[in-house]
Amino acid sequence: MNPFTRTDIPIEVIRRLDLSKVPKGTMRRFWLHLISDGMGMPVHVPVIVARGRKDGPVLGITAAIRGNEINGIPLIQRLFQEISLDDLAGVVVGIPVINIPSLLIKERNFIDGADLNRVMPGRADGSNSQVYAFRLVDRVIRYFDYLLDLHTASFGRVNAHYIRADLDDPICREMAILQNAQVIVHNLPSDGSLRGAADSLGIYAITLEVGSPHTFHKGFIRSGLTGIYNLLRQLQMTEGAIELPEARPYICKNSYWIYSDSGGILTVAPNVGELVYAGETIATLRDIFGDVIKEYTSPENGIVIGKSVDPINQTGGRIIHLGVLGS
């Protein structure tokens with residue numbers, strides 16, 4: 001029986017992931033006790049472990065490091081519903097929600113106001129977010145060989161299906177290409193992110209940006225699953241054919257946001273995944289009477305990786321995330 005159809009399976013509370021205690025050919029669920037709240041009650045992070053009957057690498061898949069980035073939750077659930085332990089070589093570890101405190105209050109940042117994906121690998125004696133980050137990395141992430149970290153856009157924005165990866169590393173580059181994304185952006189893992197913390201431990205890691213905040217996108221979930229299965233097959237953890245689309249992803253040598261220099265009501269013209277060209281109008285800003293304040297143009301050729309969908313745009317607000325094409 002698939003463990004996801006059961007409600008009576010005991011879930012062990014742990015303080016550190018010990019994969020040696022998961023027998024081959026089994027799936028286990030754990031509550032990882034990281035911190036305690038203001039009443040002294042434990043804060044538990046859900047961890048799912050599938051260990052195949054054969055030896056192989058350890059692949060970790062994490063989601064919701066920010067409280068509004070939930071699109072990876074059903075993706076991880078689906079994977080563990082479908083995965084065959086008889087055919088699996090190695091271990092797959094899923095963490096459907098990293099940032100439990102923020103998820104429960106539907107906030108992006110951690111409870112101390114910090115972005116949890118900017119304080120990695122944290123500190124054992126630091127702030128709330130730093131301790132949480134340190135214990136997460138020290139007690140579970142460090143045991144991975146490979147990491148897929150699932151993200152979404154932030155409030156008021158939408159993303160293409162795209163990957164952040166160190167494309168100078170051939171293994172990370174291959175991991176990225178296997179994900180069936182629209183866009184792959186070369187991005188060094190040195191920005192306090194979970195990917196950066198994993199990289200510093202010798203773990204091959206990429207970031208998957210999939211969809212919008214606080215919602216589930218079925219299409220992105222399906223394509224995300226295909227990418228994960230591609231990686232499992234490439235790592236010889238499962239058998240089967242790798243499925244790549246006919247259209248190759250756009251490779252970007254870098255990317256950056258274009259910001260407004262005035263406030264008003266913003267309309268962004270191109271859709272995510274569209275090519276734009278230098279001098280092309282990308283957005284129009286109007287005042288409250290509907291008169292045009294300014295039109296914004298693309299400073300160079302590129303592809304729209306993300307865009308603002310919030311029409312109320314203050315000075316310094318984001319317009320589009322522009323990817324600069326190049327290998």
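A salt bridge, as the term is used on this tour, is a side-chain nitrogen of Lys or Arg within 4 Å of a carboxyl oxygen of Asp or Glu. The structure open in your viewer, which is a predicted model, holds 10 salt bridges, and several of them make good places to begin.

**First stop: salt bridges**

Select Arg16 and Asp138, and you will find their side chains meeting in a salt bridge, with 2.7 Å from N to O. This pair links distant parts of the chain, since Arg16 belongs to the loop between strand S1 (12–14) and strand S2 (26–36), while Asp138 belongs to helix H3 (residues 128–139), and 122 residues separate the two. Display the surface as well: Arg16 is partly exposed, with a relative accessible area of 38%, whereas Asp138, at 17% relative accessibility, counts as buried because buried means under 20%.

Next, select Arg123 and Asp125, whose side chains also meet in a salt bridge, here with 3.2 Å from N to O. Arg123 is partly exposed, having a relative accessible area of 43%, and Asp125 is exposed, with a relative accessible area of 61%.

Then move to Lys294 and Asp261, which form a salt bridge whose closest N and O atoms are 2.8 Å apart. Here too the pair links distant parts of the chain, with Lys294 in strand S15 and Asp261 in the loop between strand S11 (250–259) and S12, 33 residues apart. Both ends are partly exposed, for Lys294 has a relative accessible area of 31% and Asp261 has a relative accessibility of 49%.

To finish this stop, select Arg66, Glu69, Arg108 and Asp115 together, as these four residues are linked in a network of salt bridges.

**Second stop: the sheet that contains S15**

Keep Lys294 in view, since its strand, S15, leads to an open sheet of 4 strands, which has the order S15-S14-S12-S17 and antiparallel pairing. Strand S15 (292–297) and strand S17 (312–313) are the edge strands, each of them pairing on one side only. Between those edges, colour strand S12 (residues 264–268) and strand S14 (residues 281–286), which run antiparallel and are joined by 4 bridges. For a single example of this pairing, select Thr267 and then its bridge partner in S14, Thr284.

**Third stop: strand S6 and its neighbours**

Now select strand S6 (residues 146–151), which is mostly covered, with 6 of its 6 residues buried. If you show the side chains, Tyr146, Leu148 and Leu150 point one way from S6, while Leu147, Asp149 and His151 point the other way, and all are buried.

Add strand S4 (residues 54–63), which pairs with S6 in the parallel sense over 5 bridges; within this pairing, Leu59 has Tyr146 of S6 as its bridge partner. Add strand S10 (residues 204–209) as well, which runs parallel to S6 and is joined to it by 6 bridges. Here the residue to select is Leu147, whose bridge partner in S10 is Ala205.

**Fourth stop: a cavity that Ala205 helps to line**

Stay on Ala205 and extend the selection to Asp166, Cys172, Pro189, Arg195 and Asp199, for these residues together line the second largest cavity. Its volume is about 30 Å³, and by class its lining has 3 nonpolar, no polar and 3 charged residues.

In total, 2 cavities of 30 Å³ or more are counted. To visit the largest cavity, select Ile177, Asn180, Ala181, Leu244, Pro245, Ala247, Arg248 and Pro249, which form its lining. About 50 Å³ of space lies in this cavity, and the lining residues divide into 6 nonpolar, 1 polar and 1 charged.

**Last stop: an aromatic pair**

A search of the whole structure finds 2 aromatic pairs, and one of them is the pair formed by Phe110 and Tyr132, which is tilted, with 4.8 Å centre to centre and 50° between the planes. Phe110 is in the loop between helix H2 (100–104) and H3, and Tyr132 is in helix H3, so that the pair, 22 residues apart, links distant parts of the chain. Both Phe110 and Tyr132 are buried. With helix H3 selected, you can also return to Asp138, the residue of this helix that is linked with Arg16.

Notes. Residues numbered from 1 in each chain as written. Predicted model: local features only at pLDDT ≥ 70, side-chain atom pairs only at ≥ 80, totals over all residues. Heavy atoms only, no water. 1 Å grid on protein atoms, 1.4 Å probe; cavity = no way out; pocket = protein on both sides within 12 Å on 5 of 7 lines; lining within 4 Å. Points joined across faces, edges and corners; volume = space filled by probe spheres on them. Nonpolar A, V, L, I, M, F, W, Y, C, P; charged D, E, K, R; others polar. Pairing = 2+ DSSP bridges. Buried < 20%, exposed > 50% of the residue type's maximum accessible area, 1.4 Å probe, protein only. Phe/Tyr/Trp six-rings, centres within 6.5 Å; stacked < 30°, edge-to-face > 60°.
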